[in-house]
Amino acid sequence: MKSTGGDSTKPVSPASVQEPGAGSALAPQRPGASSARAVKVEISSLSADDSGAVDSGRVQAAKQAIIDGRLNIDPELVADKLIGATREFLVAAK
């Protein structure tokens with residue numbers, strides 16, 4: 001799902017980004033530490049696809065349901081959907 005605006009995202013500090021294969025993936029770099037190597041970032045053409053635009057009405061309804069305590073989440077359904085999406089991603093990546 002892609003948000004087309006109105007969300008509050010936080011920028012990522014370059015000091016917290018670590019090149020794959022460089023050191024431990026679990027240990028982030030020290031804030032303020034600089035890397036001697038540049039990291040290349042490529043944006044997929046899929047990121048420009050607006051077909052997954054967010055329905056702000058549904059988002060607002062979900063927010064209100066959370067506030068009111070009416071939002072029921074089925075963890076098994078969430079897990080099934082996550083597994084399915086991961087499988088699709090892995091098949092497409094081959």
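Colleague: Is Val78 buried, partly exposed or exposed?

Modeller: Keep in mind that this is a predicted model. The label depends on relative accessible area: under 20% is buried, over 50% is exposed, and partly exposed is in between. Val78 comes out at 48%, so it is partly exposed. You'll find Val78 in helix α2, which covers residues 75–93.

Colleague: Which residues form a nonpolar patch with Val78 on the surface?

Modeller: Ile66, Leu71 and Ile73 join Val78 there, and together the four have about 390 Å² of accessible area.

Colleague: How do I read a salt bridge, and how many does a search of the whole structure find?

Modeller: The general idea is that side chains of opposite charge can pair when their charged atoms come close. Here the search finds two salt bridges. In one of them, Lys40 meets Glu42, with N to O at 3.5 Å. Lys40 counts as exposed because its relative accessibility is 70%, and Glu42 counts as exposed too, at 64%. There's also a salt bridge between Asp68 and Arg70, whose closest N and O atoms are 3.3 Å apart. Asp68 has a relative accessible area of 41%, so it is partly exposed.

Colleague: What about helix α1: how far does it reach from its first C-alpha to its last?

Modeller: For a helix, you compare the reach with what 1.5 Å a residue would give. Helix α1 runs over residues 56–68, 13 residues in total, and its reach of 18 Å is close to the expected 18 Å.

Colleague: Which residue caps the N-terminal end of α1, and which one follows the helix?

Modeller: Asp55 is the cap: one of its side-chain oxygens lies 3.0 Å from the backbone nitrogen of Gly57. After α1 comes Gly69, with a positive phi near 75°.

Technical notes. Residues are numbered from 1 along each chain as its sequence is written. This is a predicted model: local features need pLDDT of at least 70, side-chain atom pairs count only at pLDDT 80 or more; totals for chains, interfaces and linings use all residues. Side-chain values use heavy atoms; hydrogens and water are left out. Helices (H or I, at least four residues) and strands (E, at least two) are DSSP runs, numbered from the N terminus. The expected span of a helix is 1.5 Å times one less than its number of residues. A polar contact is a pair of N or O atoms within 3.5 Å; within protein, one must be able to donate a hydrogen and the other to accept it, and residues adjacent in sequence count only if both atoms are side-chain atoms. Patches are made of residues with over 30% relative accessible area and no salt bridge: like charges are joined within 9 Å, nonpolar side chains (Val, Leu, Ile, Met, Phe, Trp, Tyr) within 5 Å. Accessible areas come from the Shrake-Rupley method with a 1.4 Å probe; for residues, only the protein chains shown count as cover. A salt bridge is a side-chain nitrogen of Lys or Arg within 4 Å of a carboxyl oxygen of Asp or Glu. Buried means under 20% relative accessible area, exposed over 50%, partly exposed in between (1.4 Å probe, protein chains only).
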